[in-house]
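Biologist: I have the model open. Can you walk me through it, starting with how the pieces pack?

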Amino acid sequence: MVKVKVFDSKEATSRKRVAAAAPQHDAASFHAVVEARRSVRIYADEEVPEDVMRRCLASAQLAPNSSNLQVWEAHWVRNPDQRRELARICMGQPAAVTAPELVVFVARPDRWREHNEWMIRRLKSDPKTPAKGLQYFEKITKLVYTLGPWGVFRPFKWVWFTVRGWSTPTPREPLSLAQLATWAHKSTALACAHYMLALRAEGFDSCPMEGFDAWRVRRLLGLPRGAKVTMVISAGRRAEGGVYGPRFRFDLDTFVKEHV
Ligand SMILES: Cc1cc2nc3c(=O)[nH]c(=O)nc-3n(C[C@H](O)[C@H](O)[C@H](O)COP(=O)(O)O)c2cc1C
């Protein structure tokens, strides 16, 4: 059996690492932003300033993402005709039609290999890059995310994951294009959350939408089939009555499962 050390916990904890400073924040302000964010379905007739949009998109890009491969894109649809068409493709929902801004968040599992090469190039250009860091992108990511042309490696990977998994914890996915898409959607969805919270922190509002025709969205933006639309997010200033009702969540214990 092939032996691959995915993560050496002893080495990771023993090695001397430079700790990044952990700044203190105003936690109350953060929680207030989280609580104040609501999905807004009707927006006021007011623009979102361009610098606000740019800051919020930059915050979105700071979201954590798998292997830092950044297989995501935020398509800011600024052309008024395209935006009208996008709102139509979003089933004419008021959250899209009344919004001054629409951003389409797109997962790009099809670009992981290219981004992996960007990472390798960047790491190689820095003489301080530890060998392990480079090895991660030269070996591990390739092993984990490669499915082969028409998925020919999938059965071999399945056997390898399964056999290895009998004796040792083994990451078992992705084994299909659908799982690779899920992988990319996870990171993209985190960018969406960052974006919406950043908008609220700036005093603006948003609505995430998956009520759209993904095929038409891809065609409108000129995206290939391998690009997967995660969400369309509208943004603007909430109008009176733009939030449809009080916020409701099930009891916290339906969500938080404590294993003590
Ligand atoms: C992935 C996703 C898709 C959603 N799609 C839509 C949508 O198409 N239209 C809509 O009006 N709201 C949509 N929502 C908003 C949810 O309905 C909303 O987040 C939920 O009701 C909770 O309300 P809150 O966001 O105000 O806390 C979506 C939310 C998410 C996360």
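Modeller: One definition to begin with: contact means heavy atoms within 4.5 Å. This is a predicted model, where local features need pLDDT of at least 70 and side-chain atom pairs count only at pLDDT 80 or more, while totals for chains, interfaces and linings use all residues. Residues are numbered from 1 along each chain as its sequence is written, and side-chain values use heavy atoms, with hydrogens and water left out.

Biologist: Ok. How many helices and strands does the chain have?

Modeller: There are ten helices and four strands in the chain. Both are DSSP runs numbered from the N terminus, with at least four residues of H or I for a helix and at least two of E for a strand. The order from the N terminus is α-α-α-β-α-α-β-α-α-α-α-β-α-β. The C-alpha atoms fill a box of roughly 65 × 45 × 45 Å along the principal axes.

Biologist: And in what order do the strands sit in the sheet?

Modeller: The sheet is open, its order is β1-β2-β4-β3, and the pairing is antiparallel. Strands pair if DSSP finds at least two bridges between them.

Biologist: Why do β1 and β3 each have one side without a neighbour in the sheet?

Modeller: β1 (72–76) and β3 (205–209) are at the edges with a single partner strand each, so one side of each has no neighbour there. From one strand to the next, the twist averages 20 degrees. β1 pairs with β2 (residues 101–107) over five bridges, and V103 in β2 is the bridge partner of W76.

Biologist: Which strands do α3 and α10 lie across?

Modeller: Helix α3 (residues 50–61) lies across β1 and β2, at about 170 degrees to β1. Helix α10 (residues 214–221) lies across β1, β2 and β4 (228–236), at about 80 degrees to β4. Those angles run from 0 to 180 degrees between N-to-C directions, with axes fitted to C-alpha atoms, for helices over the stretch in contact.

Biologist: New topic. Which residues surround the ligand?

Modeller: Among them are R37, R38, R41, Q93, C207, M209 and E210. Being near the ligand takes a heavy atom within 4 Å. A polar contact is a pair of N or O atoms within 3.5 Å. Polar side-chain atoms lie 2.6 Å from a ligand oxygen for S39, 2.9 Å for R249 and 3.0 Å for R247.

Biologist: Any odd backbone spots?

Modeller: Most residues other than glycine have a negative phi, and most peptide bonds are trans. The peptide bond from E173 to P174 is cis, with omega near 5 degrees, and P174 is in the loop between α8 (154–167) and α9 (177–201). S67, in the loop between α3 and β1, has a positive phi near 55 degrees.

Notes:
Polar contact = N/O pair within 3.5 Å; in protein donor to acceptor, adjacent residues only side chain to side chain.
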